[in-house]
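Work through the exercises below with the model open beside you. Try each task before reading its solution.

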Amino acid sequence: MKVAVSGKGGTGKTSIAGTLARSLARRGHRVLAIDCDSNPNLATSLGLDAAVADALEPLPTNAFAGDATVDEILTAYAATGPDGVRMVVGARVLEAGAGCTCGSHASVRGMLGEMLSSDADITVVDMEAGLEHLSRAGGTLRYVDHLMVVVEPYVKAVETARRTLFLAKELGIKRITILGSKVRDESERAVLERFCADEGVELIGVIPFDDAARLADRDGAPVIDRSPQSPMVRAIDALAASLEASWRQPVPA
């Protein structure tokens, strides 16, 4: 299963992606996490040692243009963090004026296309905020099985999600769902439910507003370690259970 987490900046998608990867690993899965943000922060949400994370090199341009296998690439570029989650950096901007990161995104697309040859059974991709990963030539996310669009219950976030859904459907992603984030009450949940009903898309879950996320970010710690019983972590663990159950069900013809 290859799951991508996308959303407008500030929705909490990186904390969600990191916690989801850890939760799935605790359920016995071999999880690969790909940080596809040009300003990568997924390592912190996963709990990788800072020195190890800083030493990670991004995937080389067009890494799969030759005969390299996924496992060979992972051996060279991945680091292993808590709960056995392996992580690679898909792209990183290292200097001003260096040009676009299209080659690195092509490598991520190639890796996603070749994951059946890897020993990882679940891949979680933390995407860059915005829409470019859906519009690049070939589409970075062309080979994911499931795109979760993280949405806060506000007009600007909902409009960004609407544009994301349009592009994701054009790209042919098999399953597209909405994941509510930072939801404070039933009225805010209703905003997301109405949006999903209007767009004909599933609301796969709702992550409540939780100060534990802010405190974890302040301390540079994964929320799953700092506040393991917080509402946010419990909601993401329930999401992991839901994904696991749906993954094991046969896909309708």
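The exercises go from the whole chain to helices, then to single residues and a pocket.

This is a predicted model, in which local features need pLDDT of at least 70, side-chain atom pairs count only at pLDDT 80 or more, and totals for chains, interfaces and linings use all residues. Residues are numbered from 1 along each chain as its sequence is written, and side-chain values use heavy atoms, with hydrogens and water left out.

**Exercise 1. The whole chain**

Task: Find how many helices and strands the protein chain has, and what percentage of its residues count as buried.

Solution. Start with the elements. Helices (H or I, at least four residues) and strands (E, at least two) are DSSP runs, numbered from the N terminus. The protein chain has 11 helices and 8 strands. Next, burial. Buried means under 20% relative accessible area, exposed over 50%, and partly exposed in between (1.4 Å probe, protein chains only). Of the 253 residues, 53% count as buried. Last, contacts, meaning heavy atoms within 4.5 Å. Take those between residues at least 6 apart in sequence: 77% of them join residues at least 24 apart.

**Exercise 2. Helix 7**

Task: Check the span of helix 7, then sort its buried and exposed residues.

Solution. Step one is length. The expected span of a helix is 1.5 Å times one less than its number of residues. For the 17 residues of helix 7 that gives 24 Å, and the end C-alpha atoms are 25 Å apart, which agrees. Step two is burial. Ala 157, Val 158, Thr 160, Ala 161, Thr 164, Leu 165, Ala 168 and Leu 171 are buried in helix 7. They sit on the same side of helix 7, because their arc around the axis is only 155 degrees. The arc is that of the directions from the helix axis to the C-beta atoms. Step three is the other side of helix 7, where Val 155, Lys 156, Phe 166 and Glu 170 are exposed. Finally, look just after helix 7: Gly 172 has a positive phi of about 85 degrees.

**Exercise 3. Helix 8**

Task: Repeat the check for helix 8, and find what covers its buried residues.

Solution. Helix 8 runs over residues 186–199. Its 14 residues should span 20 Å, and its end C-alpha atoms are 20 Å apart, so the two agree. Glu 188, Leu 192, Phe 195 and Cys 196 are buried in helix 8. They cover an arc of only 95 degrees, which puts them on the same side of helix 8. The cover over these buried residues includes strand 6, helix 7, strand 7 and strand 8. The face turned away from the buried side carries the exposed residues Glu 186, Ala 197 and Asp 198. Just after helix 8, Gly 200 takes a positive phi of about 65 degrees.

**Exercise 4. Glu 152**

Task: Is Glu 152 buried or exposed, and which residues does it touch?

Solution. Locate Glu 152 in the loop between strand 6 and helix 7. Its relative accessible area is 15%, so Glu 152 is buried. Now list its contacts, not counting residues up to four places away in sequence: Gly 10, Thr 11, Ala 157, Val 158, Ser 181, Lys 182 and Leu 192. Take Thr 11: Glu 152 is 141 residues from it in sequence, but 6.2 Å in space, C-alpha to C-alpha.

**Exercise 5. Lys 182 and the largest pocket**

Task: Place Lys 182 in its element, then describe the lining of the largest pocket.

Solution. Lys 182 is found in strand 7. Its relative accessibility is 29%, so Lys 182 counts as partly exposed. Most residues other than glycine have a negative phi. Lys 182, not a glycine, has a positive phi of about 60 degrees.

Turn to the pocket. On a 1 Å grid over the protein atoms alone, a pocket is an open set of points where a 1.4 Å probe fits, with protein on both sides within 12 Å along at least five of seven lines; lining residues have an atom within 4 Å of a point. The largest pocket is lined by 33 residues, and Gly 12, Ser 15, Lys 182, Ala 213 and Asp 217 lie nearest its centre. Helix 1 gives the largest share of the lining, 5 residues.
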